Amino acid sequence: QVQLVESGGGLVQAGGSLRLSCAASGRTFGAHGVGWFRQAPGKEREFVAYINWIGGSTYYTDSVKGRFIITKDNAKNTVYLQMNSLKPEDTAVYYCASAVSSKVDRANGYRSWGQGTQVTVSS
């Protein structure tokens with residue numbers, strides 16, 4: 001029921017910053033929140049960050065703690081991922097998705113995946 005569109009990706013040098021946006025449309029009722037995942041070539045999709053629609057609780061994978069910040073604007077049905085101190089290993093296609101279970105750090109817990117936005121961090 002929810003459609004998600006990512007934007008904000010691009011090319012940045014190591015140490016730089018990017019802010020990704022995830023705009024939701026349609027019915028968000030029933031969804032717990034929004035998660036960000038990323039997938040690099042030849043690797044499985046991995047969890048990055050999550051935010052709850054109600055209350056705004058957040059959860060991050062260890063590798064991005066202190067560097068990435070997930071926020072939301074309920075009025076705009078939009079979730080953001082501020083990425084600071086970017087590293088080459090952050091290079092991936094970043095996806096947002098709607099959480100439909102308590103498995104917020106697993107792809108199986110999500111539906112309505114966006115099309116993805118490419119983030120490339122150069123050395």
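In the predicted model, W113 has a relative accessibility of 29% and is therefore classed as partly exposed, since that class lies between the limits of 20% for buried and 50% for exposed residues. F37, by contrast, has a relative accessibility of 1% and therefore counts as buried, and F47 is likewise buried.

Aromatic contacts were examined next, and the count comes to five aromatic pairs. In one of them, the ring centres of F37 and F47 lie 5.6 Å apart and the planes stand at 75°, so the arrangement is edge-to-face, an angle over 60 degrees being what this class requires. This pair connects distant parts of the chain, because F37 belongs to strand 4 (residues 33-39) and F47 to strand 5 (residues 46-52), with their positions ten residues apart in numbering. The buried residue F37 also pairs with W113, and here the ring centres are 5.1 Å apart with the planes at 70°, so this pair too is edge-to-face. Distant parts of the chain are again linked, with F37 in strand 4 and W113 in the loop between strand 10 (110-111) and strand 11 (117-122), 76 residues apart.

Taken together, F37, F47 and W113 belong to one aromatic cluster, which also includes Y59 and Y110. A charged side chain is placed over two aromatic rings as well: R45 lies over the face of W113, at 4.7 Å from the ring centre, and R45 also lies over the face of Y95, at 3.9 Å from the centre of that ring. The partly exposed W113 is thus paired with F37 on the one hand and covered on a ring face by R45 on the other.

Key:
Residues numbered from 1 in each chain as written. Predicted model: local features only at pLDDT ≥ 70, side-chain atom pairs only at ≥ 80, totals over all residues. Heavy atoms only, no water. Phe/Tyr/Trp six-rings, centres within 6.5 Å; stacked < 30°, edge-to-face > 60°. Helix = DSSP H or I, 4+ residues; strand = E, 2+ residues; numbered from the N terminus. Buried < 20%, exposed > 50% of the residue type's maximum accessible area, 1.4 Å probe, protein only. Lys NZ or Arg CZ within 6 Å of the ring centre and 35° of its normal.
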